[in-house]
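Student: Could you take one part of this model and walk me through it closely? I'd like to hear how the helices pack.

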Amino acid sequence: MRVAVVGTGVIGTSWAAHFLAHGLDVVATDPAPDAEERLRAGVAAIGPGSLDRLTFTGDLGEAVASADFVQENGPEREDVKHTLFAVLDEAARPDVVLASSSSGMLPSVIAKGCAHHPERLVVGHPFNPPHVIPLVEVVPGERTSDAAVEAAMAFYTSVGRKPIRLRRELPGHIANRLQAALWQEAYSLVERGVASVADIDTAIAQGPGLRWALLGPFVNQHLSGGPGGIAHILEHLGPPTEAWWRDLGRVHMTPELEQKIIAGVDEELAGVDPADLAGRRDAVLRTLLAAKTEGDLP
């Protein structure tokens, strides 16, 4: 199988490395003058996967003409997406799924760039880095066919990802909306002086985040309820939870709040190399994912 990777920034490079590691041929394209050099260096750093199966072209139409699946990773701008997908839709075979890695745009909006076959466009949103994090959110638009959704779900499954299908398109899809809800309260707590940036990070990383990495919010609630399960939780903690919801902070991203957040992160990571930290994080993630598989956790 031949996959076209359109856009070779952080996400595109990660996707390319992942596809190569699963034995697929990859043809990549990006308009930046040094894109191929950066891509090959990035893929080699991630490994494994044969660079012999990676080709590069600056011609967008040529990149997708012989592809069996297209993964687009361009900027999150409507005008750019429309320009890209006009070419992709023209050049790719009509049966080939066009998937966008967009982290929040609606597929129906992106599909306005497809004059011929908008029915084969989906959002296939990964989490950074795609070669490590299994989740892919598959989001159909108003005109997306069931066949395209099923093909995308099957493709991502075949390369070891965990795709989920949205029944309705929403800005930010599912996981980013859940993250945004957490960030809203986290930023509000900092703004109100309730806790420091470091304390909030500790509260999640050393608390509920550990369980969330293993099981989702509903199943974790169910297990917390003992023999009564989630029914017991809802009966006894439902009213207090509602009261907490009504008390959650409403926050606006002011320049003052931005500076508080930036200063807080700088203080928390003083003397720490972010690139080294990300590498150590990803190593632990791989260990965790392997343990989840061995422990038969979903």
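Tutor: Start with helix 7 and helix 12, which are roughly perpendicular to each other (65 to 115 degrees counts as that; under 35 is roughly parallel, over 145 roughly antiparallel, and the rest oblique). Bear in mind that this is a predicted model, where local features need pLDDT of at least 70 and side-chain atom pairs pLDDT 80 or more, while totals for chains, interfaces and linings use all residues. Residues are numbered from 1 along each chain as its sequence is written, and side-chain values use heavy atoms, with hydrogens and water left out.

Helix 7 covers residues 175-191 and helix 12 residues 255-268; they pack at about 95°, with axes 10 Å apart. The axes are lines fitted to C-alpha atoms over the stretch in contact, and angles run from 0 to 180 degrees between N-to-C directions. Helices here are DSSP runs of H or I with at least four residues, strands runs of E with at least two, numbered from the N terminus. On the helix 7 side you'll find Tyr187, Val190 and Glu191, meeting Leu257, Lys260 and Ile261 of helix 12 (contact means heavy atoms within 4.5 Å). That set divides into 4 nonpolar, no polar and 2 charged residues. Ala, Val, Leu, Ile, Met, Phe, Trp, Tyr, Cys and Pro count as nonpolar, Asp, Glu, Lys and Arg as charged, and the others, Gly among them, as polar.

Now look at helix 10 (217-224) and helix 11 (229-247): their axes come within 6 Å and cross at roughly 85°. That makes helix 10 roughly perpendicular to helix 11. Phe218, Gln221, His222 and Ser224 of helix 10 touch Gly229, Ile230 and Ile233 of helix 11. The tally for that contact is 3 nonpolar, 4 polar and no charged.

Helix 2 shows what a helix turns inward. Ala35, Leu39, Gly42 and Val43 are its buried residues (buried is under 20% relative accessible area, exposed over 50%, partly exposed in between, with a 1.4 Å probe and protein chains only). Down the axis of helix 2 they fall within an arc of 95°, so they line one face; the arc is taken from the directions from the helix axis to the C-beta atoms. An α-helix has 3.6 residues a turn, so residues three or four places apart point the same way. The buried residues of helix 2 pack against helix 1 (10-21), strand 2 (25-29) and strand 3 (54-56), while Glu37, Ala44 and Ala45 are exposed on the face turned away.
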